[in-house]
Each structure stands twice: as C-alpha cells, then as structure tokens.
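Let's take a friendly walk through some side-chain contacts, from charges over rings to aromatic pairs and cysteines. Have your viewer ready.

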Amino acid sequence: MSAKAISEQTGKEFLHKYICTSAAVQNRFSYARVTPETDLDRLTQEHPWLLTQRLVVKPDQLIKRRGKLGLVGTNLDLQGVKEWLKNNLMKETTVGKAKGVLKNFLIEPFVPHTQEEEFYVCIYATREGDYILFHHEGGVDVGDVDAKAQRLMVAVNDTLNEDQVKEHLLTHVADDKKEILSTFIKSLFNFYEDLYFTYLEINPLVVTQDGVYVLDVAAKIDATADYLCKAKWGDVNFPPPFGREAYPEEAYIADLDSKSGASLKLTLLNPCGRIWTMVAGGGASVVYSDTICDLGGVNELANYGEYSGAPSEQQTYDYAKTILSLMTREKHPDGKVLIIGGSIANFTNVAATFKGIVRAIKDYQGPLKEHEVTIFVRRGGPNYQEGLRVMGETTGIPIHVFGTETHMTAIVGMALGHRPIPNQPPMDAHTANFLLNASSSAKYLCFFVSVFLLLAKATTLFRQNTKSIVWGMQTRAVQGMLDFDYVCSREEPSVAAMVYPFTGDHKQKFYWGHKEILLPVYKNMADAMKKHQEVDVLISFASLRSAFDSTMEAMQYPQVDNETGVVFKDVPFSELLQKIIKVADEKGVTIIGPATVGGIKPGCFKIGNTGGMLDNILASKLYRPGSVAYVSRSGGMSNELNNIISRTTDGVYEGVAIGGDRYPGSTFMDHVLRYQDTPGIKMIVVLGEVGGTEEYKICQGITEGRITKPVVCWCIGTCATMFASEVQFGHAGACANEASETAVAKNQALRDAGAYVPKSFDELGDVIRTVYEDLVANGTIVPAEEVPPPTVPMDYSWARELGLIRKPASFMTSICDERGQELIYAGMSITEVFKEEIGLGGVLGLLWFQRRLPRYASQFIEMCLMVTADHGPAVSGAHNTIVCARAGKDLVSSLTSGLLTIGDRFGGALDAAAKQFSKAFDSSMLPMEFVNKMKKDGKLIMGIGHRVKSINNPDMRVQILKDFVKQHFPSCHLLDYALDVEKITTSKKPNLILNVDGLIGVAFVDLLRTCGGFTRDEADEFVEIGALNGIFVLGRSMGFIGHYLDQKRLKQGLYRHPWDDISYVLPEHMSM
C-alpha cells in the first residue's frame, strides 16, 4: 500500500461523481479553483453562481486546521472574496514548522447552518479492517476526536448496514437526523472502498433540512491501486505537502519510476543545501538522512531520495544526472558533498548501477569542479568490488570510496568533518564467488519484492529438510537458493519445482554444486502441489496484478506449512491485502511482506534473493547458525544487519524482513515471540522505523516479562521530526500520522522498557557487540568452532564478467551493439540516428560500410532502393514469389523463392559490372579495347543490355540516377567510362544500353572511391565481397513482398501454368 494525499478538490470531485446514496447531497461540483494565473472576471463567466451566492474561500494545499489558523474566509460576497484573496494569495505563511506560499484556493457556496448541524466523520484503514470515527460535534473546535469520537470497525469482507451505523455511531444524534446520517455514512463507506481510499475525513459534515453538505474533506488514496481505479481516478495529481514546492525534477523522477520495475524517488528539501545524497535502498536512504541530521546537517540537507530494485545503468544515469544538475546550479561558500551510499544489496548489480552514476559524473565533471564537490561512496553487494573500482577511477574530482569493511554510515561523519578520512588500501579487483549478472533475467528480478506465508503459527519456520515450490520463472533466485543449500551441506535442494503459467510443463536446468540437475516447471499450481507432496513452502514471484490470486490459491493447499509470495512493489492494501491477511489469520498462516526481500535461516533455508549472492553469504557466515536473530522492515537493511551481526557476534541464527508496507502481513512481535521461544537464539535485534505502533508491543512484552532475552532495537527515521514539512520516505509505511509513531518517541519508549537502544544507527554495531560479549562472558553463549563450508564453483558468466577467465568468441561483430541501454549502429546511438535524420540510406551506410556517409551518398542509396524495388510481375523473381504465394506459402517462403532467382542474369549484375568496368578502367584500357577483349573472350559485359529498353526507348530509372550522380558526386570517372562503352555497344545493337544494374554498379564504385570515407583498398574490398548486389536484393525485396500481399489480397488460387504455353519436346518414338 502507498497512501498518498490528494487535494480537497480532487476528493470532492471523486465523492460527488461516484458516491451512490439516497441522501440528498447538496452543492455537487459547486466550486471554483483560484491560482495566481486565474482571471476572476472570466471565472464568474464559467461559474455564474459566484455573482449571486454568499461564498467561502480557503487554500487547498494540504493544510490542516485551516479554520483555527484563520485561513478560511466565510459568508463573503464576490467582492469580499476578492479582497480576501488580495490579502492571502501568494502570501508566505507558516504552518507549524513549515513555511510556504498560499497559491491554490477553492471558492464554494456558503452554507448557513447551526453548530448542532455540524458533524465529524472519518474512515481509515488498519491491518484488521477499516475504522469509522463519528462525532456529533464537528467543525473547527472538534478537538481530540480519537478520544471523543464513537468508532466502529468494519472487518475485512464484512459489509456495513445502516442499523450498525445507528447503533454504534449515532447514539448522541437527534432522531430526526439518524436516518439521513446512517444512509450517507453507509454510502460513504462503500465509496471509500470502491475507490481504494486509505483515509477519508469530512469535517464538518453538515446536515440540514435540505440535505447533506460536505464542507471540508481530507483524503488519501492507495496509489498502488491505480491499475484497478484508473478509469475512475483518471490522472491524479498528488500535491506536495505544504511548505514544499513541486519541482519539475521530482515529476521527472516520478515519471521514470512509473515506467520502471525499479524504485526511483526524489524529494527536494533545500535546493541551496550543501549536502546531497544518492542512496540505494528505501531503508538505507532513511538511515543516511538520520545520520546527516544527527550530525547537525539538517539545515544543509538538500534532498531525500532512493534508487533500488536493480535499476538499469541508463535509469541510474538519468537519476544521477538529475541530482547532479540540481546540485550544480547554486554555489555554496563551503563547497558541497555528495554521499553515494547504500546497504549491502541483495540482487542489484552494483557495478552496473555505478557505471550509470560514473557516466553522469563524467558528464558533469566541469560543474562539479566549479562547485567544489567532494564525493563519498560506500556500497556492498553483487559485483560491488568492480563498482567501487570504476567509481574510484573517476578522475578530476575528490572521491573517497569504501566497501563493506566500512560501517554503512561512516562516510557521513567523514563528509561532515566529524571523523577522519582513512587511507584506503586498494580494493580487490574481483569477487571470490557468484555475482549477479546484468542479464535480462536479472533485470526481471528487480521487478519484484517478497511476501512470505507460514501455515502453522510455529516457533520454527524452516528446517534442514524444508522443501519449496517457486511461482515464477526466477532462475537466478532459484540458483541462488540451491547454491545456499549446497554450502549449508543440505542433502537435497530446497526447491522441488517451479510454477510458471505462461509456458507448458517442462524441465529447467540448474547447478547443484558441480553437477547439473533438472527441476520440473508446471503450468499450474495444482499439478505442482499434487506431484510434490513433500513441499511445505511456496515462494511466489507474482506481479502486482496476479499477486492476490496466486497468494489466495496457495493458501488453499493444506500441505503447505510455509508459503512465500513475492509481489510487485505493493499490493493495494485497502481491500486485497486485507483479504490476504484475513484468510491467513483464519488458516493460521503467518505472512512476511509485502515490500520485502524475505528471510533467511543460516544452515537451513533462504527465501529467493535474501542474503545476496554467495560471496556475501560466505562473508556474513550465513552458511551456519549463530546466536542472534533479527527482524527488520527493510530488505536491503536486513543484509546490512547480516554484515553487522557477523562482524560483532558469532552470527545470525535467523533473520526476517517483514516489509516496508504500513500494515505488513506479520508484525515485529510475531517474530520476536518466536525468537523468545527458540532455545538456540540468545539475543534479538529489531530494526524498526518511523510509522506505525508495532514497536510498542515489544515494549509491552519486555515490561510484562514475556520477552526475557536481550533485545537490541533501533527505529530509523529520527530525521522526520526535524524536517519542516512531511516527507514520504521510500517505504510506504515510513510515515508518522501522530507523535507516538515517530522514531524518536518509539526509541525512547523502547529504552524506557529496558531494550538496548543506541544513540544512533552509527552505534548499533557497538551496542550489539557489547550485549553479545556480556552473554559470552556469563556463559549464555558458547561460540562454536568454525567449520569451513563446501566450495562452490563460480558460474562461467560471472567469471567472464569479472575478467577472471577468457574464451574465444564464437562470433565477431563490428556493426551493431544491443547490449547497452540504447541500440548502437556502428558507434552511433539509435537516438542520434533519428536526431541527425540520416535516413534509411544513412543507416545502410552505418550497417554495411561502417561509415557515416555524406548526405548525397545516403540519398543515392535510397534512390537505388526505390528504382530497384520492382519491375513488374513478369521477371523471374516476382514470378516465383507469385507462384509461391498462390500455392499457400507464407511470406518468408514466398520472398525467399523470389530472392533465389537473383544472379548474374537477373538483378545480380551489380557486383560483376562493378568488377569488370573497374578492372578495365584501372588497367587504362580504352572502351573499344574493353569491348573487343570481352568479345574475344566470349564473355558478356555485365550491366550492358536490356530485353525491352533501348537507345531509342531509354530506361528512365537509369536516366534519373545518372542525372543525380552527375550533379552531386565529386567525381564519376567510372560512370563516364561505362557511358563511353555504351556508345560502342549501342552502335552495334540499340538495346545494348547501360542498364540499371550496370549504372548502380559503376556509380557505387565512384561513390566509394571519391566520397572521402574509404581508402582505395577498402572501396575495392566492398565490391569484392558482394556489397553492391545487396542493394538490388534489399530493394527488390520490397517489390516481392508487394506481389505476395497483392496475391493474398486478391485471393488468387493455386497457379498452374497453361499447357499451351509449354513446348513439349519428347523423343520421336514417344510422340503421338
């Protein structure tokens, strides 16, 4: 779920358009919008009621308690509204900590009413269902509605009726208003569900004898439900919080995000600030912002943002160049710093993303120097050594690069001058084990995050014999699981089969250590479950649209003890996720997710990409159990916890990332209680975050004695209280709706309850080490002797990417490269091809001759293609194509039949003509000598002669091309020579003209030799290897295809040649 606030105007438009109620809702669509550009005189023409009614005017910029702040003008005439706007439009106003400019207003009809006619109603989503709050005294002075309001919880799949509303909400309402209020509230709840609202507040809701008036609305919708509600929502504009401007760069990044399977976020906090960040991961981005603010940088923090989910090199480049553009617009007297940070990635190819960042840095090298920018880098994950090497080689700009040996946020202290910058030893140039390939399958992986389901509410989720089915063709994730199984010394793979609805049943090849194995792939889940009764886990990589159906289906199979589902970013919470959670609760299923990478139990089982690639598995000692269990919201930060715990303790016993959604399927407490009841776990680490109240249950568990093991806990997002305006962090749930949900409040409550809470994330590792050492000292933990894991051979693709091996290529190509983000033709990007308008001739020049040809050369090529496109149905190639088409053959077969007739006698004389004329000309042979020699040798002169055309009936195709060559080519010596030959041959016979093949052949030789792009040897080589015949083949293919389509369109039947057009010449004794 991603709850985003909408404007009051949008909320009312939705309500008036889609609410279905018998209650008389008044003033539908009666509003006028005013901005600094609005012409008030024209506005009255569009809304004549402004001239006749009393009016209300108010800003529509997500400002709470406008009435209390004196920001509502009531009971005014139009002149009064104009005066009010004159005093308030474009006025700078402070609301709480936020300072902003009032620029968007609504004008609505004033509704005369009494205080007794004002009511308050609010509906909001929770994990268990939706709550309706109602208070019989609404308006400006409603006060603390949480304490005063009546409330009713509508459970998932339950319906709301009017009797429930009257019984639970309207106990203090006058009898004459109960009927209309109950009808309206019921309809309002249905509307709230249908349009996937997560929050909908009306205050006041006025009920008079005329009907219902919706005066003020505050609302949030679930943005992930766009694919369900697009028809009703349309293009929703999500305004920024008051005090923050909407920048075009933010909209640009939001557009990139919407077109990508990755996650790209950008919020500008202070464009003039000196501290800029470019952080990978939703959780990590919050941690870096926290640390910057903790070290006193809150007023200089320029932006919040994150890139995650394995963005491509091009996407990272676009994201990075946007940030670099912003930070190099205004100079700062102290220079600027750019922090490129992140946790240890699970599956993002760090080298690929860093290459995009390095490209952007090189593009902005000049401005970065001018603005005295210093860059600090810290990252880990697949191929991170290569990424850091590439980043470190960026010259001309001060840049400090660190890997996993450095604490994640240490670079913040270095950047802000709070700790020294160490002299880094050279990084390893390669990794020692598997790394993530930047292949299409890896790109597909980034489209997904995880949901995990467990059938039985058990203490132990996974064992050494746990078996799973994977939903989705996620071969990289499956291979990673099998490699983990192997280094954990499991006897059999943890994946029994895969389910992929888009192919038929088949086998998929994987590696188990050194040998290859086959795993079955089924088209539907039912067959997989039936044939693999030993399976007790389902891991489902399902898209946003199919996540709900596949998850609900999975929970119908009683054999599944554990179920893991992976969903695209988020499931629309308002209904679908609530239903999943309800069914899971009924069946005793524990859900981990959505919006997470999953979990891991060292030595037993890992979910999908959890724990990263094999090098990180080994470095963090995840192949055997330790004594520490953790639970985190963030998937990326869970891998950082693996690193921290492995460096400060004997390692991880179990780790789970429950997901960044506001209402995840399972809670912190669910897992903390499991850890409490697991004997092998001696201490617990919890990484919470701003938003929600689940951490308070841990406090309660500690104070009540239910949790007795040491708990080290830190809630990220402490910076949120320092920002002037609300910031939506990378995780949908990372947003505090009240003071108790702030990270600061939760950290203090945990500290008061007896948990071990560091002063900052920077100190988290130190606190974990201290608690662990105390447990070792008192004998609670006895560290086990290290046992080396089995070795696993490196995948060939990884070894090749890292430069560890070399192998002769099976093919070589020098004309095209499709591997990057943009197609390249002979060094020219496809974007430049269109930007420069080089045309089809220019593309042919790039692909055939590896040259950017002059414009006249490209035009000549295009003319050749046009004049050779067709020459009627009687020629052999067209005839063959037609016969094949009428025989019912397909396009390719018919085209091939026609092309196979091309040779020296039909169309294929270009090369031969070019060779013959060139040889004669280069030998200084006179035209007459050339003609006589060919006659003496008994050879035809290629390119001379035509069956129909003659000197008296010239071929206009030849004339057109000849005129163009004479006018545009720098030199045409060979063409002139061929024309002299033509004078001799036509004097003997008028049809022995220079035909179109001959002209194109000799003119092309002139072009190659004189255009300036080729040496003489290169020009001759292209003639020798048959390049010129390609012109005829390509051009005539257009005509052949035309003949094929023509025959199909005319519905011509099977062709049979008439017998009277055949001369039957049989032996005499067989003649009739």
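Over the ring of which residue does the charged end of K4 sit? The ring is that of F238, and the charged end of K4 is 5.2 Å from its centre. Keep in mind that this is a predicted model. A second contact of this kind involves R359, which lies over the face of Y317 at 4.1 Å from the ring centre.

Just before F238 comes N237, a residue of the loop between α7 (226-233) and α8 (248-258). N237 is exposed, with a relative accessible area of 58%. Although N237 and A5 are 232 residues apart along the chain, their C-alpha atoms are separated by 9.5 Å.

**Aromatic rings**

A pair of aromatic rings is described by the distance of the centres and the angle of the planes. This structure holds 23 such pairs, and two of them are set side by side here.

| Pair | Centre to centre | Angle between planes | Geometry |
|---|---|---|---|
| W848 and F849 | 6.4 Å | 70° | edge-to-face |
| F860 and F964 | 6.4 Å | 15° | stacked |

The planes of W848 and F849 are at 70°, and because an angle over 60 degrees counts as edge-to-face, the pair gets that label. W848 is partly exposed at 30% relative accessibility, whereas F849 is buried with a relative accessible area of 1%.

For the stacked pair, both F860 and F964 are buried. F860 belongs to helix α29 (residues 855-867) and F964 to helix α34 (residues 956-968), so their pairing ties together parts that are 104 residues apart in sequence. These four residues are also members of one aromatic cluster, together with Y856, F969, F1004, F1014 and F1022.

F849 brings us to helix α28 (residues 839-849), where the buried residues include G841, G842, V843, L844, G845 and L846 as well as F849. After α28 comes Q850, whose phi is positive, near 55°.

**Cysteines**

How many disulfides does a search of the whole structure find? The search finds zero. Why is C604 without a bond to C488? The sulfur of C488 is the closest cysteine sulfur to that of C604, yet the two are 7.5 Å apart, too far for a bond; a disulfide needs the sulfur atoms within 2.5 Å. C604 is buried, with a relative accessible area of 11%.

C864 is in no disulfide either, as the nearest cysteine sulfur, that of C1011, is 14 Å away. At 0% relative accessibility, C864 is buried.

How values were computed: Residues numbered from 1 in each chain as written. Predicted model: local features only at pLDDT ≥ 70, side-chain atom pairs only at ≥ 80, totals over all residues. Heavy atoms only, no water. Buried < 20%, exposed > 50% of the residue type's maximum accessible area, 1.4 Å probe, protein only. Helix = DSSP H or I, 4+ residues; strand = E, 2+ residues; numbered from the N terminus. Phe/Tyr/Trp six-rings, centres within 6.5 Å; stacked < 30°, edge-to-face > 60°. Lys NZ or Arg CZ within 6 Å of the ring centre and 35° of its normal.
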